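Subject: Structure handover

Hello,

Please find the structure below. My notes on what turned up follow straight after it.

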Amino acid sequence: MIRHECGYEEPAYCRKCGRPLEYDPRRGIYCPHCGRQVTMLCPQCGKRW
Ligand SMILES: [Zn+2]
Ligand SMILES: [Zn+2]
C-alpha cells in the first residue's frame, strides 16, 4: 500500500517483479526489490505521485 501526501492510499505492485511498491517523498514510487521507479498521477488530487 502506498500513500500519497493528500491521504489517498492504493495498493500498487511492481509490473516487473510483482512486489509491493513503496513511496518516498524524495524518490517517488519505487520497488524496493528491483529498484524500478514508477511515475504516476494520483487519481484523487491529480498531482504527480
Ligand atoms: Zn520490482
Ligand atoms: Zn494525491
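**Ile29 and its surroundings**

Ile29 sits in strand 4. Please keep in mind that this is a predicted model.

Is Ile29 buried, partly exposed or exposed? It counts as partly exposed, because 18 C-beta neighbours lie inside 10 Å and the buried class starts at 20. Leaving out residues up to four places away in sequence, Ile29 touches Ile2, Ala12, Leu21, Tyr23, Val38, Met40 and Trp49. Glu9 is 20 residues from Ile29 in sequence. In space, their C-alpha atoms are 13 Å apart.

**The sheet**

Strand 4 covers residues 28-30. Two bridges join it to strand 5, and the two strands run antiparallel. One residue pair to look at is Tyr30 with Gln37: Gln37, in strand 5, is the bridge partner of Tyr30.

The wider picture is an open sheet of three strands. Their order is 3-4-5, and the pairing is antiparallel. Which strands stand at the edges? They are strand 3 and strand 5 (37-38). Each has a single partner strand, so one side of each is left without a neighbour in the sheet.

**Arg19**

Now to a loop residue. Arg19 lies between strand 2 (9-10) and strand 3 (22-24). Arg19 is partly exposed, because 13 other C-beta atoms lie within 10 Å and a residue counts as exposed at 12 or fewer.

What does Arg19 contact, leaving aside neighbours within four places in sequence? The partners are Tyr13, Cys14, Cys31 and His33. Gly46 is 27 residues from Arg19 along the chain. The C-alpha atoms of these two residues are separated by 25 Å.

**The protein as a whole**

The protein has five strands and zero helices. Read from the N terminus, the elements run β-β-β-β-β. The C-alpha trace spans about 30 × 20 × 15 Å along its principal axes.

How much of the protein is buried? Of its 49 residues, 8% are buried. As for contacts, take those with a separation of 6 or more. Residues 24 or more positions apart account for 16% of them.

Best wishes

Notes: Residues numbered from 1 in each chain as written. Chains lettered and ligands numbered in written order. Predicted model: local features only at pLDDT ≥ 70, side-chain atom pairs only at ≥ 80, totals over all residues. Helix = DSSP H or I, 4+ residues; strand = E, 2+ residues; numbered from the N terminus. Contact = placed C-beta atoms within 7 Å. Pairing = 2+ DSSP bridges.
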